[in-house]
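Subject: Handover of a structural model

Dear colleague,

Please find below the structure that I am handing over to you. My notes on what was found in it follow.

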Amino acid sequence: MTGEQGTYGLLEMSAVREMANIGLGHATTALSDLTGRSFNMEVPNVETVAIENVPALVGDPEAVVVGIMMPIEGDVTGHIAFVFPWESAQTVWRYLLGTCPDSFAEVDDLAASAMLEIGNILNSSFMNALSNMTGLAIHATPPVVSIDLCYSVVSTVVAEAELQEVVALAIETKIYDYEDTATQGYFLCIPTVEGLNLMLRRLGVAEAA
């Protein structure tokens with residue numbers, strides 16, 4: 001089924017943005033704990049999009065990206081993914097390993113494992129923050145890392161998510177370290193429509209029309 005583009009008003013989107021800010025704030029703290037570096041986080045844009053339009057939104061479809069994806073289970077079900085452009089993924093590898101692969105072909109098991117770990121921590125921290133805010137059980141499941149063309153990576157997430165009636169929340173993120181090196185990416189949170197409405201009700205926001 002397709003997403004529910006346009007069914008959420010200003011009040012609901014304000015609540016979604018607040019959830020995104022708090023969730024990614026927790027994720028940024030987890031990144032600081034893991035790397036021993038201080039980070040600031042900015043969420044310049046949050047929007048709901050039709051699920052079939054997500055691949056075109058995230059970036060150049062022919063660009064190489066690194067995506068870390070996982071289904072979510074519990075009171076709210078769906079999928080989440082963090083998608084790093086290649087250059088930002090290299091920055092994250094340098095934070096974690098002190099070096100980075102120069103090309104897609106040079107990504108070895110250690111680099112893939114490191115990216116899997118960082119994605120697991122970012123996604124889980126985000127979901128834990130939403131769980132604490134709403135009092136709902138929201139569980140992250142083991143992640144999968146994919147390094148491929150942007151369109152291919154995001155289409156994989158979309159193909160799994162669209163088996164249910166979902167709403168796609170595309171959250172553009174920028175993370176800065178103390179040297180103001182920016183790491184950009186897209187956080188995709190694709191809960192079921194029922195799950196997102198349940199979270200909004202728990203936050204005291206009337207259910208979307």
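Which residues of helix H6 (residues 193-202) are buried? They are Val193, Gly195, Leu196, Asn197, Met199 and Leu200, where buried means under 20% relative accessible area, exposed over 50%, and partly exposed in between (1.4 Å probe, protein chains only). Helices (H or I, at least four residues) and strands (E, at least two) are DSSP runs, numbered from the N terminus.

Before the details, a word on conventions. The model is a predicted one, in which local features need pLDDT of at least 70 and side-chain atom pairs count only at pLDDT 80 or more, while totals for chains, interfaces and linings use all residues. Residues are numbered from 1 along each chain as its sequence is written, and side-chain values use heavy atoms, with hydrogens and water left out.

Overall architecture

The chain contains six helices and seven strands. Read from the N terminus, their order is α-β-α-β-β-α-α-β-β-α-β-β-α. The radius of gyration, taken over C-alpha atoms, is 16 Å, close to the 17 Å that the globule rule (2.2 Å times the number of residues to the power 0.38) gives for 209 residues, so the chain is as compact as a globular protein of that length. Its C-alpha trace spans about 50 × 30 × 30 Å along the principal axes. Of the 209 residues, 50% count as buried. Contacts (heavy atoms within 4.5 Å) reach far along the sequence: of those with a separation of 6 or more, 75% are between residues 24 or more positions apart.

Helix H6 and its surroundings

The buried residues of H6 are covered by elements that include helix H1 (10-35), helix H4 (109-134), strand E4 (138-140), strand E6 (168-177) and strand E7 (182-191). H1 packs against H6 at an angle of about 90 degrees, and their axes are 11 Å apart. Axes here are lines fitted to C-alpha atoms, for helices over the stretch in contact, and angles run from 0 to 180 degrees between N-to-C directions. H1 is therefore roughly perpendicular to H6, given that angles under 35 degrees count as roughly parallel, over 145 as roughly antiparallel, 65 to 115 as roughly perpendicular and the rest as oblique. On the H1 side, Glu12, Ala15, Val16 and Met19 meet Leu196, Met199 and Leu200 of H6. This contact comprises six nonpolar, no polar and one charged residues; Ala, Val, Leu, Ile, Met, Phe, Trp, Tyr, Cys and Pro count as nonpolar, Asp, Glu, Lys and Arg as charged, and the others, Gly among them, as polar. Just after H6, Gly204 has a positive phi of about 80 degrees.

The H3-H4 contact and the nonpolar cores

Helix H3 (residues 86-97) and H4 pack at about 95 degrees, with their axes 10 Å apart, which means that H3 is roughly perpendicular to H4. Ala89, Val92, Trp93, Leu96 and Leu97 of H3 meet Leu110, Ala111, Ala114, Met115 and Ile118 of H4. By class, these are 10 nonpolar, no polar and no charged residues.

A nonpolar core is a set of buried Ala, Val, Leu, Ile, Met, Phe, Trp, Tyr and Cys residues joined through side-chain atoms within 4.5 Å. The largest such core has 49 residues, and Val66, Phe84, Trp93, Met115 and Leu196 have the most contacts inside it. A second, separate core of 20 residues includes Val49, Val154, Ala170 and Leu188.

Beyond its neighbours within four places in sequence, Met115 contacts Val66, Ile68, Phe84, Ala89, Val92, Trp93 and Val145.

Individual residues

Thr173 lies in strand E6 and counts as buried, because its relative accessibility is 2%. Outside its neighbours within four places in sequence, Thr173 touches Leu24, Glu42, Pro44, Phe82, Thr183, Gln184, Gly185, Tyr186 and Phe187.

Ser131, in helix H4, is also buried, at 16% relative accessibility. With the same neighbours set aside (those within four places), Ser131 contacts Leu136, Ala137 and Ile138. Ala137 sits in the loop between H4 and E4 and is partly exposed, with a relative accessible area of 29%. Ala137 and Val76 are 61 residues apart in sequence, yet their C-alpha atoms are 7.3 Å apart.

Ser155 belongs to helix H5 (residues 150-161) and is partly exposed, at 22% relative accessible area.

Yours sincerely
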